[in-house]
Amino acid sequence: MYYIASANAVTSREYNISAVRTKIAKLIEIQSLLTVQKSATEDPISAAAFAKAQQMVEAKDIVYVFENNNVALQK
């Protein structure tokens, strides 16, 4: 009986370790993909292309309405 319980416990631990290693591998892959995406968004050329595609304009001659600079008017 002791042997069966011990073998079952060892098998259970090995399964848990295997499941955690699989999860770690998946998370590392996701982290790599997110790092690539982050690098792409930090590229100034990509940011300029995105702004142009979204018809954004450069903010110039800003006058702030309130002291905390949360609301601004464009001249």
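**Close-ups of a predicted two-helix, two-strand model**

Reading from the N terminus, the protein's elements go α-α-β-β. That makes two helices and two strands, and keep in mind that this is a predicted model.

**View 1. The whole chain, with its surface and its confidence.** Of the protein's 75 residues, 0% count as buried. About 7,400 Å² is exposed, and carbon and sulfur atoms supply 61% of that area. The average pLDDT is 83, with 81% of the residues scoring at least 70. Confidence peaks in H1, at 90, and bottoms out in strand E2 (residues 72–74), where the mean is 56. As a rule of thumb, predicted coordinates shouldn't be read in detail where pLDDT is low.

**View 2. A nonpolar patch with Ile24 in it.** Here Val20, Ile24 and Ile28 come together as a nonpolar patch on the surface. Between them, these three residues offer about 260 Å² of accessible area. Isoleucine 24 sits in helix H1, which covers residues 2–42. Because its relative accessibility is 44%, isoleucine 24 counts as partly exposed; that label applies between 20% and 50%.

**View 3. The salt bridge between lysine 38 and glutamate 42.** The structure holds just one salt bridge, and this is the pair that makes it: the side chains of lysine 38 and glutamate 42 meet at 3.2 Å, N to O. In general, side chains of opposite charge can pair when their charged atoms come close. Lysine 38 and glutamate 42 are four residues apart in helix H1, so about one helical turn separates them. Glutamate 42 has 53% relative accessibility and therefore counts as exposed, the cut-off being over 50%.

**View 4. Glutamine 55 and its positive phi.** Now we're in the loop that runs between helix H2 (44–53) and strand E1 (62–64), which is where glutamine 55 is found. What is the phi of glutamine 55? The angle is near 55°, a positive value in a residue other than glycine. For context, most residues other than glycine have a negative phi. As for the side of things facing out, glutamine 55 counts as exposed because its relative accessibility is 73%.

Notes: Residues are numbered from 1 along each chain as its sequence is written. This is a predicted model: local features need pLDDT of at least 70, side-chain atom pairs count only at pLDDT 80 or more; totals for chains, interfaces and linings use all residues. Side-chain values use heavy atoms; hydrogens and water are left out. Patches are made of residues with over 30% relative accessible area and no salt bridge: like charges are joined within 9 Å, nonpolar side chains (Val, Leu, Ile, Met, Phe, Trp, Tyr) within 5 Å. Accessible areas come from the Shrake-Rupley method with a 1.4 Å probe; for residues, only the protein chains shown count as cover. A salt bridge is a side-chain nitrogen of Lys or Arg within 4 Å of a carboxyl oxygen of Asp or Glu. Buried means under 20% relative accessible area, exposed over 50%, partly exposed in between (1.4 Å probe, protein chains only). pLDDT is the predictor's confidence in each residue, from 0 to 100.
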